[in-house]
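Take a look at the chain below. This report walks through its sheet, its helices and one residue.

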Amino acid sequence: MTKKYFFRDKLNYNDYKRFPDDRMIHEIINGKHYNHPAPRPKHQRISRNLDLVFGSYVMKNQLGEWLSAPIDVLLGEHDIVQPDKVFISKENANIITELNIQGVPDLIIEITSPIDPGYDRETKMSLYSKYKVKNYWILDAQLDVLEVYKYSRKGYELAGKYRKGDIFKPKIFKGLKVNMNTVLV
């Protein structure tokens, strides 16, 4: 289960930098500290497959940067997260600094954890909606389904669900066709 630690009213990046290097994933959302254990093997296999399929496509076509956790994404002063996957287009590359990402990526992908499946669907989705992340994908590792959300003025709208055997043609990566058997394990 994700733990919340409340040190004072609102934590920021200076507080974040002081968290221990303890193999836990630490994030700050709305100034509050969240941490959870390292991912399980299934999560890591899916993560690897995402790199092989989408990361390779991004690199081959020189579309921008495909980055994986752990990577610090500073969305705001009191909102620092480590998404599982991040895509930043060439047009948006100025948000990448030597130390971290400072701004809103073009795509964020989270792979759910059986320990706290609501964290990515509720807490993080709400945060990403607040910052208007255009593309948010949730890969549910327990149900073996990829949920693709697109940001609109109303918030996130489900643009599609993809399971094993489905062909996924992501609009953000024009021309790419993905057999979900290559992603889901």
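What follows is a short tour of a predicted model.

## The sheet

Start with the strands. Six of them form an open sheet with mixed pairing. Their order is β4-β7-β9-β10-β11-β12. The edges belong to β4 (64-68) and β12 (155-163). Each has a single partner strand, so one side of each is left without a neighbour in the sheet. From one strand to the next, the twist averages 15°.

Strands of a sheet pair through backbone hydrogen bonds, either parallel or antiparallel. Take β10 (residues 135-140) and β11 (residues 145-152): this pair is antiparallel, with six bridges. Within it, tryptophan 137 has valine 148 in β11 as its bridge partner.

## The helices

Helix α2 (residues 41-60) packs on the sheet. It touches β4, β7 (85-89), β9 (107-111) and β10. The direction of α2 makes about 170° with that of β4.

Helix α3 (residues 118-130) lies across β9, β10, β11 and β12. It runs at about 170° to β10.

## Glutamine 82

Now zoom in on one residue. Glutamine 82 sits in the loop between β6 (79-81) and β7. Is glutamine 82 buried or exposed? Its relative accessibility is 14%. Buried means under 20%, so glutamine 82 counts as buried.

Which residues does glutamine 82 touch, leaving out those up to four places away in sequence? Among them are Tyr16, Ile25, His26, Pro70, Glu110 and Lys124. Asp72 is also one of these contacts. The side chains of glutamine 82 and aspartate 72 are joined by a polar contact of 3.5 Å.

Key. Residues numbered from 1 in each chain as written. Predicted model: local features only at pLDDT ≥ 70, side-chain atom pairs only at ≥ 80, totals over all residues. Heavy atoms only, no water. Pairing = 2+ DSSP bridges. Helix = DSSP H or I, 4+ residues; strand = E, 2+ residues; numbered from the N terminus. Axes fitted to C-alpha atoms, helices over the stretch in contact; angles between N-to-C directions. Contact = heavy atoms within 4.5 Å. Buried < 20%, exposed > 50% of the residue type's maximum accessible area, 1.4 Å probe, protein only. Polar contact = N/O pair within 3.5 Å; in protein donor to acceptor, adjacent residues only side chain to side chain.
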